[in-house]
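Biologist: I have a model open on my screen and would like a close look at a single part of it. Could you walk me slowly through one helix, and then show me how it sits among the rest?

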Amino acid sequence: MKKALSLLMASALLLGLLAACGGGGSSAAPESTGGTEAPAQGEEQGSETPAPGGETVTIEFWNSAEGAMATSVDALVAEFNSSVGADKGIHVEAIFQGSDVTEKLNTLAQAGDYANFPDVGQIYSAGIPDMLQMDNLLPIDDVYDSGKFESSVEKGDIIENFQRTYTFEGRLIGMPFNASTMLFYYNKDAAREAGLDAETPPSTIAELAEWTEALTIRDGDAVTRYGLNIQVDRYELVNYLAGIGADGVNYIGDNGGGRDGMMTKLTIGEDGSLMKLLNEWEKVVNTGGFKAVNDNEREEFAVGMSAMNYQSSSQLSTMIELTKDSFELGVAFLPRNSEEDAWGASVGGGSLCMFDLGDETRQWAAWEFVQFMVSPESQLFLLKNNGYLPVNDNTYSMPEYEAFIEEQPLAAVPVEQLRISHPHMQEPLDILNWELNALARDGFIDWVDGKVTKEQLHDNIVDGFNAKLEEYLRANA
Amino acid sequence: MKSNGFFRARKLAGHAAFQIIAIGVGLVLMFPIFYAFSVSFMRPTQVLTIPPSFFPDQPTLENYRTVLEISPLFRYMVNSLIIAVGASLSRIIVGSMAAFAFAFFKFPGRNLLFMLCLGTIMIPGDVVLVTNYRTVASLGLINTYFGMMVIFLVNAMNIFMLRQNFLTFSLSLKEASYIDGCGNFKFFCRILVPTSVPTMATVFISSFISVWNTYLWPMVVNNRAEMQTVQVGITRLNSADGVVFGPIMAGAVLVMVPTIGIFLIFRKKIVSGIMGGSVKG
């Protein structure tokens, strides 16, 4: 009886599972949802190699494109599929894989599942150390050096600053794709009201402190408008540090900030650059008009709850849109730390990494796609729609680029800032980037609240991060 | 008499205070949903105003149009529905059968098995993510709906709830039905299941909502754009680069509709379900 029952239950269970399974399958009907019209690139002919046997090669492109960028990526992929792809027999399937493709690839790699890797993945610079651990990574320099495929985009076409971001030990790992730098945004109307020269924004942190003082509005003890609102995460910290150093560049960590070999420690303590930075920023903190917490920085700036803010250049069109009805927006270079330090900003954004799935045709198809994405036309498209700085130098000589800058002069500011930035001003490849993030953010908030001193903040960041890094390196030697 | 009236008044006051607190808490909990609903009908310029406005001045359906244009949300909802319904049905079937065994059979190691079963509640899902992925990938279940729901097919908490419910049944009832010629399976199907509908409804609804809201696992095991779930779809609308509160809220409201629908359908059953097993432990 019991046997019969268990048999029955087992079969019922199986039935239930099968029913649940129903409707599965993996039909790969492509969807193209191009809302915006992507650039036509009919004239561009790269490789002559067609797909063998006239069959269409389908490749996967995993991306982290969200919001407006999602629409642009979909439009670019649709454009590729209908132009170059249609000519050469390549179909690209774009798949959104969460806010950071690196996390998913790490899961796959830990499980040893390299078979399900994509052909191309969108990888942020912070993800490059992880990519170096992948068995099947196909560095962009390997593609160039092997000469197996023809190239319509030469390596020299890509601006050096952007190349450096994705370079490790002299090898270009990922192709720079969506690039941005940090910019200084300020409220010109507020500056005029405070009696400041709105056309000459602060050029040093000391001047930034003066501006912060002048722009802060108080009602008794309460601040009703902060002069400056910026949360100092790792991204902000490394940008403030970028120009403090010999030759006008600060590598933040040893081994060229982790690009000439594994980074083993922060150098900003021993070379005194962090203390130089804190000495200047102390002037800003002392004004009492500096808010170091990001509640909703951009929107609070737009509605007049703060008067100055640092944001990525990719926020430019959003900022213009948000502030157009309320006040005149000013955009400028990041203030230098002091007169003796260099101007400039480090590069942010993402790259396209290729993976070897053991099929040369797919590699060829992936390479065609990567080149399409960084072509002058595609990069102009990203600039216009998303504010990303074109990584391809040829974009800047296009008449369409000139026309766009004429129409939106503020968009030229990040480009000029990039031109004067040392190519080695970069975020470090610091592996434990989230640790530095937390140390910087919490440290600055505590400093502004008077809970820690400048010296304590300095030691917490340097010693705290170095200890974590040492532990990591010992465990993963 | 006097004291009686005094106690009654005090009881009434206590009752009223309780009601007021309950309504207050209810309003606090409802507020984000109400605000999301309201923002979904606002024009972009109205969303960011000081002081904030809680009702749309000129209600617009533009946000809904935008969200459906930039994201195939209905397709994603079908995917989520397949996973959520599949997993919830499985949880009821597997859960009730396991609970049946734990409640009515006496066999060596029963308590140990039950403890092991409950012990799985203490293991956070993220810890076994990579191991689960490895298993599912080597079974060839990547890019299948079954792979996306497989780790949700059984839930120890559901087994526990159903077992507690089954324990309220008198064992002599089962023995009586056995004497009348009713076998285990017949007893399970004809007597136990029909009388446990409230608990099963509770299991279904709680499971449906949790699987519907799952983000990480379905994303990890699926690489097909057309098989993505609503939660992944909603994430894609949100971005650090652009302010699109309206469409995001419109998307969130649309995604909430099925869970609210399921809740409304089973609402009456759910309370008796949760209370049902609570007396006998």
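Modeller: Happy to! A residue counts as buried when its relative accessible area is under 20%, as exposed when that value is over 50%, and as partly exposed in between. Please keep in mind that this is a predicted model.

Let us start with A:Thr102, which lies in helix α4 of chain A. A:Thr102 has a relative accessibility of 3%, so it counts as buried. The side chain of A:Thr102 makes a polar contact of 3.0 Å with the side chain of A:Asp100. If you set aside the neighbours within four places in sequence, A:Thr102 is in contact with A:Ile123, A:Gly127, A:Asp130 and A:Met131.

Now widen the view to the helix. Helix α4 covers residues 101-110 of chain A, and its buried residues are A:Val101, A:Thr102, A:Lys104, A:Leu105, A:Thr107 and A:Leu108. Here a general point helps: an α-helix has 3.6 residues a turn, so residues three or four places apart point the same way. The cover over the buried residues of α4 includes parts of both chains. From chain A come β1 (57-63), β3 (120-124), α5 (128-131) and β13 (347-355), while α6 (129-138) and α12 (216-221) belong to chain B. Just after α4, A:Gly112 takes a positive phi of about 70 degrees.

Chain A as a whole gives the setting for this helix. Its secondary structure comes to 20 helices and 13 strands. Of its 477 residues, 58% count as buried. Among contacts between residues at least 6 apart in sequence, 77% join residues at least 24 apart. Chain A exposes about 18,400 Å², with carbon and sulfur atoms supplying 48% of that area.

Charged pairs are a good next stop. Side chains of opposite charge can pair when their charged atoms come close. Over all chains, a search of the whole structure finds 31 salt bridges. One of them joins the side chains of A:Asp74 and B:Arg236, at 3.2 Å from N to O. This pair crosses between chains, from helix α2 (residues 68-82) of chain A to helix α13 (residues 230-237) of chain B. A:Asp74 is buried because its relative accessible area is 11%, and B:Arg236 is buried with a value of 12%.

A further salt bridge stays within chain A: A:Lys88 pairs with A:Glu368, and their closest N and O atoms are 2.9 Å apart. The two residues are 280 apart in sequence, with A:Lys88 in helix α3 (residues 84-88) and A:Glu368 in helix α15 (residues 360-373). Both partners are buried, A:Lys88 at 9% relative accessibility and A:Glu368 at 4%.

For partly exposed partners, turn to A:Asp393 and A:Arg419, whose side chains meet in a salt bridge of 3.2 Å, N to O. A:Asp393 sits in the loop between α16 (376-386) and α17 (399-407), and A:Arg419 is in helix α18 (residues 412-420), 26 residues apart. Their relative accessible areas are 32% for A:Asp393 and 45% for A:Arg419. Salt bridges that share partners also join A:Lys188, A:Asp189, A:Arg192, A:Glu199 and A:Glu328 into one network.

Last, have a look at chain B. On the surface, B:Phe31, B:Phe34, B:Phe54 and B:Phe55 form a nonpolar patch with about 390 Å² of accessible area together. B:Phe34 has its place in helix α1 (residues 2-39) of chain B, and its relative accessible area of 31% makes it partly exposed.

Key: Residues numbered from 1 in each chain as written. Chains lettered and ligands numbered in written order. Predicted model: local features only at pLDDT ≥ 70, side-chain atom pairs only at ≥ 80, totals over all residues. Heavy atoms only, no water. Helix = DSSP H or I, 4+ residues; strand = E, 2+ residues; numbered from the N terminus. Buried < 20%, exposed > 50% of the residue type's maximum accessible area, 1.4 Å probe, protein only. Contact = heavy atoms within 4.5 Å. Areas by Shrake-Rupley, 256 points an atom, 1.4 Å probe, with all protein chains shown as cover. Polar contact = N/O pair within 3.5 Å; in protein donor to acceptor, adjacent residues only side chain to side chain. Patch = residues over 30% accessible without salt bridge, like charges linked within 9 Å, V, L, I, M, F, W, Y side chains within 5 Å. Salt bridge = Lys/Arg side-chain N within 4 Å of Asp/Glu carboxyl O.
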